[in-house]
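Work through the exercises below with the structure open. Each task is followed by its solution.

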Amino acid sequence: MKRFRRHGQESQRDRLKQELFQFSKTVEHGFPHQPSALGFSPSLQLLAIGTRSGAIKLYGAPGVEFMGLHEENAAVTQVHFLPHQVELVTLLDDNSLHMWTLRAHKGLSELLEIGRFTLTGPPGAPPSVTRVTAVLAHSSGELLLLGTEGGHVFVVEVPGFRELEERNISLDQVSSSVPDDYIGRRNLEHVEALQENPVNPNQVVIGYGRGLMVIWDLETQRAVQHIPATQQLESVWWTEDGSHILSSHSDGSYCRWSVGGEDSKDEEEKSDIPYGHFPCKAISKIVQLPTANGPPFLVFSGGMPRASYGDRHCISVIHSKTHVALDFTSRIIDFFVECPSPSAHCDPSALVVLVEEELVVIDLQTEGWPVIQTPYLVPLHSSAITCSHHVSSIPLKLWERVIAAGELQLTHYSKKPWPITGGQNLAPDPPQRDLLLTGHEDGTVRFWDASGVCLYPMYKLSTAGVFHTDTDPNDNMNQGTEGEWPPFRKVGCFDPYSDDPRLGIQKIHLCKYSGYLIVAGTAGQILVLELNDEEAEQTVEAKVVDLLQGQEGFRWKGHTRLDVREEPVLFPPGFQPFALVQCQPPAVVTALTLHSEWKLVAFGTSHGFGLYDYQQKNNVFVKCTLNPSDQLAMEGPLSRVKSIKKSLRQSFRRIRRSRVSNSFPLQEANARLEAELAEMELAPVQRKIEARSSDDSFTGLVRTLYFADTFLSDSSHNTPSLWAGTNGGSVFAYMLRLPPVEHRTDEPITAHPAKEIQLMHRAPVVGIVVLDGHGAPLPEPLEVAHDLSRSPDMQGSHHLLVVSEEQFKVFTLPKVSAKMKLKLTAIDGSRVRRVGVAWFGSSRSEDYGESGLVVLTNQGDVHVVSLPSVKMQVQYPCIRREDVSGIASCVFTKHGQGFYLISPSEFERFSLSTRCLVEPRCLVELPAHSASPTQHRPQPDGATSAHRYTHFTVISHINSKYS
Amino acid sequence: MNKNHRVPSNRSLSAVEVKSKFGAEFRRFSLDRSKPGRFDEFYGLLQHVHRIPNVELLVGYADVHGDLLPINNDDNYHKAISTASPLLRLFLQRKEEADHLAFGTDSLTRKKNTVLSAVLLRPDPNRKKPPVIISLPKDFRPVSSIIDVDILPETHRRVRLYKHGQEKPLGFYIRDGSSVRVTPQGLEKVPGIFISRMVPGGLAESTGLLAVNDEVLEVNGIEVAGKSLDQVTDMMIANSHNLIITVKPANQRNNIVRSGGGGGGAASGSSGRSSDSGASYYGYSSPGGIGAAASTPSHIIQNFHPEELESDEDDEDLVIEAGGEAELIPCAPSASYSMPSLPRYEPHLNLRTAAAAASSGSLAMERRSLEEDGTVITL
C-alpha cells in the first residue's frame with residue numbers, strides 16, 4: 001500500500017516538474033563567429049549572413065531574426081535572395097546549393113531548408129566544369145544562373161533546381177564569338193561575375209577571370225556585346241539605368257564601359273586607378289548608385305597602394321567632392337548599399353559592411369557619414385570577454401539612469417533609425433528589465449539590455465582611467481592628419497588589443513537597488529563605483545591589503561600591482577569609482593560579493609579573503625587561507641601563459657605601431673597555440689587516482705563569498721555574517737558586528753571568526769547559500785527594504801547549503817551538523833562548474849513557484865536541484881563537454897535562464913523555465929507592392945510549390961548547436 | 001554511525017582473568033572488564049607484573065579464533081578485554097626480537113609448532129629481524145577486501161580499498177583503452193577504462209588485489225561504461241575515502257574458484273555466472289591475446305549496502321566552532337562531530353572483513369609472484 005501511495009506522489013511531482021521546468025536554447029546574441037557571406041533582400045528588407053561553420057542567419061527589424069544550419073559542415077560562400085521572393089539560395093564550400101524559405105506557421109515565420117542541389121556536368125568532365133564561382137538570381141525569380149570555374153554558365157530553374165540544359169551558355173559558344181583581336185584568344189578562365197541588366201532582364205553580363213565581359217541575351221541565346229578588358233577581373237556592376245558597366249580589376253583599377261546595344265562600341269569610357277602611381281591591390285567589389293539630383297555614389301572595396309597600405313581593410317566612398325577611405329579593423333567580407341526604395345530614384349541611405357568581426361552601418365545621408373549604432377549583431381568581443389554578470393528585474397529608475405549615461409557616449413553615432421526594417425517582431429514586451437554585464441580584457445564593463453531577443457548595448461564603463469597603464473598616449477589610431485592620402489577614417493569598434501592585461505575584469509557585482517557596482521580585476525584590484533548623473537573630478541582612494549598577513553617565506557612571482565593615478569581624474573557621467581582596494585600579492589580576484597545595505601565588500605584571491613568597509617574606506621579584516629607549503633599559489637596563476645600572451649601582445653603592439661593592423665598574425669599565433677594544445681592532448685593519457693589532501697596546490701584559493709543575516713551563534717539572535725568557501729573544501733564563517741546606523745560612519749565594524757568547516761571530501765566549495773525557516777534562500781541585500789520580496793522567515797531554523805564541486809550538503813544552524821546531502825560526482829562523475837539560485841514559476845498556476853539551484857556541470861549538463869530538500873529534479877544536456885570556455889562562461893539569471901559563449905563573439909541564451917522564455921517570434925511576409933513591373937507571369941505560391949521539391953529538410957531556427 | 005563502542009557488553013562477568021606469558025614465565029592477574037583503563041596503564045602494569053620495567057614490549061593476545069593479534073593502542077586493548085572469554089591469553093615479546101609475521105590468521109593454531117615455538121618458547125637472541133616486513137598490522141583497521149564474491153561472475157573482482165585518514169596514498173593510475181566483448185553479433189571492440197600504473201608502496205599495490213591492465217567495470221556500484229576517463233577519475237576521487245572498484249583482472253588465473261552447485265549460498269551467484277560464461281571462457285582461451293574480454297553483466301547485484309558506502313564520510317566533516325573571542329576553541333565533542341585530535345579509525349569492523357583483509361595479504365604474495373608471467377596484453 002505504502003509503495004502505491006508513494007508512486008502516486010511521485011507522479012504528481014513529475015507533473016509539477018513538467019509545469020516548472022523545460023529546457024530550450026532560445027536565441028543567439030552577438031555577432032556570428034567567422035562570417036563568410038552576406039546577402040540582402042531589398043524587397044524583404046532582410047539581411048542574411050552565412051558563416052564558415054555552415055550557419056545562415058537572417059536579420060530584419062530589431063527582434064526579427066532567424067537561424068538555420070546546413071547539415072554539411074561546410075562554409076557558406078555566397079547567399080542570394082531570390083528577387084521579390086521569400087526564398088534564398090546559399091552556396092557552400094562543397095559546391096552544393098541550398099534553397100531556404102521563410103514559411104509562416106501559426107502566424108510566425110520559420111526558416112526552413114526546402115531543397116538542395118549540386119551541378120552535374122557532362123559525363124567525364126573535370127570537376128572544375130561544375131565548380132560554381134558566380135551565382136545570379138534572376139529578377140524573374142525563376143532562374144538561377146551559375147557561372148563555373150570552367151567558364152560555363154548553367155541555367156537552373158528555381159525553386160525546384162531543374163537544370164535547363166538547352167539554355168546553358170557554354171564556353172565554346174562565347175569564345176567562338178570573341179573578336180579575334182582579343183589578345184591571343186587565350187583561355188577566358190572562370191566566370192568571375194554575373195550581372196543582370198537592371199532595365200532589361202533578358203540581358204546579363206558574364207565576366208570572365210581574364211577580363212573579358214560578354215553581354216548575353218537570354219532570349220536569343222547569343223552574345224550582344226563584348227567588353228575586352230585586359231586586366232584580371234574582380235567584379236562587375238551594371239549601373240541603374242543600364243547604360244554603363246563598371247568593372248574592377250586586380251591591379252587596383254576600375255573601368256567604366258558604355259553599353260551600346262547591338263552595335264558594339266567597346267571603347268572604355270573611363271579607366272582609373274584611384275590610389276594609383278604605385279602598384280595597388282585589387283578592387284574586389286565596386287558599386288555605383290545614382291542620386292536623385294547630383295553625382296552618383298561610388299563605393300568600392302580594396303584598391304589600396306600595395307606597399308604602404310596593402311594590409312588595410314578599406315572601403316572607399318566617393319560622392320561629389322567627398323572621398324573617404326573607411327578603414328576597418330578586420331577583413332572585409334562583403335558590403336551593400338541600402339536605398340530606401342529601390343524603384344524610386346532617391347539617394348542611397350546607408351552603407352552596410354560585413355567585416356570579419358562586426359557589422360558596420362554608415363549613414364550616407366547625414367553630413368560626415370556617421371556610423372549607425374547596430375541594435376543587434378554587436379561585437380561582444382570588441383575586447384575579449386573575461387567574465388559576465390546578470391541582474392534581473394532592474395528598477396526603472398536605475399534603468400533610466402544607465403540609459404541616460406549610455407546615450408551620452410553615443411554622441412558620435414548617427415541619429416538615423418536602423419535602416420534594415422524587414423519583418424514584424426511579434427514577441428510580447430519583455431516582462432522585466434534585465435541587465436547583462438560583461439567584463440572585458442581591456443578593463444571595460446559593458447552593460448547590455450538583455451530583456452529581449454536583441455542584446456542591445458546600453459552603456460560602457462572603462463576602469464583604465466583610474467590607473468597609469470603602459471599605454472602610449474600618442475598611440476592614437478584615430479588621428480587623421482590633414483591632407484593624408486588615402487583619406488582614411490577608422491570605423492568599427494572591434495579592438496582586440498588590450499593595453500595592459502592586468503586591467504582585465506574578473507568579477508562584477510551590481511546592486512540594482514542602490515546603484516553600487518563593484519568590479520575586480522586580474523591584478524587584485526577591487527573598484528567600488530557609484531552611479532552619478534553628472535561628471536565629476538575626483539581622486540580614487542586606494543587601500544592596499546596584505547592577504548599574506550606577514551607570512552614569511554613567500555615571494556610573489558606574478559605581475560605587479562597596478563599603479564594608481566594620484567591626481568584627481570575626470571570621470572564622465574555614469575558609474576564613477578570612489579574607492580579602490582588592491583590586494584597584495586596582486587593575484588587575480590577569484591571571489592567577490594557586495595552588501596549594499598551594510599556597505600561592505602568581500603573579496604578573495606588564491607591567498608585569502610578580506611572584508612572592506614566602503615563607508616569608512618577601511619579594511620575590516622583579512623584572513624589568509626594559503627597553505628604554507630603551497631608555493632605554486634605564488635606563481636601567479638597561469639603566469640607562464642600570461643607571459644606568452646604578454647610577449648605576443650607586445651609584438652602585436654609593435655606591429656600596430658608600424659601601421660600594420662593585420663589579423664593574420666593573430667590567427668597564425670592562435671593556430672600555432674591550438675596545434676600545441678592538440679599535441680599535448682595526444683600524449684598518452686592517464687589519470688592519477690588519489691584522494692585530495694590538504695597539501696594540494698591552490699587549496700587556499702577562495703571560490704565563493706556570501707553575506708547572510710542568520711543565526712551563527714545561537715538560535716535566538718540573528719547576526720550579520722560573512723561566509724567564504726575555498727578550493728580545499730573549507731568554509732569559514734565570520735560574525736560581523738555593525739555599529740548602529742547613527743554611528744555607522746565613526747564606529748568600527750568588527751568581525752569574529754565563528755565557524756570553520758572542513759569538508760571531508762575536500763572538493764572546492766563553489767557556492768554557499770543560507771536557507772530561511774521556510775527553506776527559501778535569503779533575499780538579496782536591500783531586497784526586503786524595497787518590498788520586492790517577502791521578508792525571510794527568521795522564526796524557524798536556518799540551514800546552510802554548501803555546494804562543492806562534488807556534492808550539495810545541507811547543515812543545520814547555528815550548530816553545524818550535516819542534515820542532508822546530494823552526491824553528484826560519486827554517482828556520475830560530473831562536477832559542478834556553475835551554480836545559481838533561481839525561481840521557477842509554474843506554467844499552469846500563476847501563483848505557484850519554487851526556488852531551485854541551477855547547476856552546470858563539467859559535462860555540460862544543466863541540472864535543477866530542489867530547495868531545501870536537495871533532490872535532483874531535471875537534467876538536460878546543454879553544452880558540449882569539450883567546450884571548456886563555453887562552460888566557464890555560463891551565467892544564470894534569477895528566473896531560470898542562462899547565457900554562455902558559443903564563440904568569442906556570441907552568447908547562446910537558454911531557458912530552464914516554462915514561464916520565463918525569451919525567444920524570437922516574428923513574421924516576414926512578401927510585400928504586396930514589391931512585384932516587379934517586368935514580371936508577367938503570376939508568382940507561384942510559396943506554400944503550394946513546396947510539394948514539388950525533391951529534397952526536403954527541415955531545420956528549425958532554434959537549432960543552434962554548432963558542431 | 002556512532003563510534004562509541006567502548007562500553008563492553010554487560011552480559012560478561014565483571015572481571016577478566018589474564019594469563020600473561022613472557023619468555024617462559026607466566027603471570028596471572030585479573031582486570032575489571034567494565035573499567036579496563038588505558039593501554040599505557042595496562043602496558044605499565046605488564047612491565048610491573050613481569051618485573052621488566054625497562055624492556056620494550058610487543059603485546060599480543062589470542063583471540064577467540066586462536067589468532068595471535070597485537071595490543072598496541074586503546075582500541076585493540078579494549079577489544080581484547082571485551083572479547084576475552086573468559087581467559088585473556090597474552091604473549092609478550094621484546095620489541096627487538098619481535099617477529100611481526102607472527103600476527104595473523106591461524107597463526108596460533110596451524111603454525112603452532114613453527115611460529116609459536118620459535119617466537120614464544122625459544123627466543124633466539126641471535127636471530128635477525130625478518131628481512132621483509134609486508135605490513136605491520138598496527139591496529140584492526142581493514143585495508144582492503146574482496147567483496148561480493150558470491151554474486152559476481154568469476155571473472156570479475158570487486159575490491160574495496162579503505163583509505164580512511166591514513167597517510168598511504170591510494171596509488172594507482174587509470175587510462176583509456178578498449179576491450180573486446182562477446183555479443184550476439186560477434187566480437188565487438190568497446191572502449192573501456194584500465195588500470196595503467198601502480199605507485200610502489202601505495203594502498204592499491206600493497207593489497208595486491210589490483211594490477212596493471214585490469215579493466216575497471218564499476219566504481220562504487222556504478223558502471224563506468226559510457227563515461228569518460230575524466231569522469232571515472234572524478235568518481236574514484238569522490239569515493240576515495242571508501243573506494244569499491246569492480247575490475248576484470250587482466251590475469252584471470254587467480255580467480256576465486258567456487259565449487260559448482262556446492263553450498264546454498266551460491267544460488268544468487270549462479271545466474272550471474274552463467275550469463276557471463278561466454279566471456280569468461282573467452283578470457284581463458286586467449287592466452288596472451290586480447291585479454292580483458294569482459295562482458296559486464298547487465299544486472300549487477302550489490303551486496304554492500306548503500307548506508308555502508310555513506311557511513312564514514314557523513315560526520316567526518318570537521319567543524320570548528322569559535323567562542324566570542326578571536327581564537328578558535330574546539331567545542332566539546334559530541335556524537336556528530338569528530339575532532340582532529342582523536343585518532344580516526346573504524347570501530348565497527350566485523351571479523352569477516354578483517355579476516356578477508358588478512359587472508360588477502362597472503363594471497364597477494366602469491367599473486368605477485370604469478371604476475372610476472374601472467375600479464376595479458378590488453379588492447
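A polar contact is a pair of N or O atoms within 3.5 Å; within protein, one must be able to donate a hydrogen and the other to accept it. The model is predicted.

**Exercise 1.** Count the polar contacts and salt bridges between chain A and chain B.

*Solution.* Start with the polar contacts. Across the interface, 14 residue pairs qualify, both residues at pLDDT 80 or more. Next, take the salt bridges. There are three between chain A and chain B. In one salt bridge, the side chains of A:Arg831 and B:Asp234 meet at 3.0 Å, N to O. That separation satisfies the 4 Å cut-off.

**Exercise 2.** Find which element gives the most to the side of chain A that touches chain B, then describe how that element pairs across the interface.

*Solution.* First, list the candidates. β49 (686-689), β53 (750-758), β56 (807-812), β57 (818-823) and α7 (825-828) of chain A each supply at least two residues. β53(A) gives the most, with seven residues. Then look across to chain B. β53(A) runs antiparallel to strand β13 (residues 318-321) of chain B, and four bridges join them. Within β13(B), B:Val319 is the bridge partner of A:Ile757.

**Exercise 3.** Give the extent of the contact and its make-up.

*Solution.* Count residues: 38 come from chain A and 45 from chain B. Then take the area. About 3,500 Å² is buried between the chains, and carbon and sulfur atoms give 50% of it. On chain A's part, A:Arg687, A:Ile689 and A:Met760 supply 21% of the area buried against chain B, more than any other three residues. Finally, sort the chain A residues that touch chain B: 14 are nonpolar, 10 polar and 14 charged.

Conventions: Residues are numbered from 1 along each chain as its sequence is written. Chains are lettered from A and ligands numbered from 1 in the order in which they are written. This is a predicted model: local features need pLDDT of at least 70, side-chain atom pairs count only at pLDDT 80 or more; totals for chains, interfaces and linings use all residues. Side-chain values use heavy atoms; hydrogens and water are left out. Contact means heavy atoms within 4.5 Å. Buried area is the accessible area (1.4 Å probe) that two parts lose on being put together, summed over both. A polar contact is a pair of N or O atoms within 3.5 Å; within protein, one must be able to donate a hydrogen and the other to accept it, and residues adjacent in sequence count only if both atoms are side-chain atoms. Ala, Val, Leu, Ile, Met, Phe, Trp, Tyr, Cys and Pro count as nonpolar, Asp, Glu, Lys and Arg as charged, and the others, Gly among them, as polar. Two strands pair if DSSP finds at least two bridges between them.
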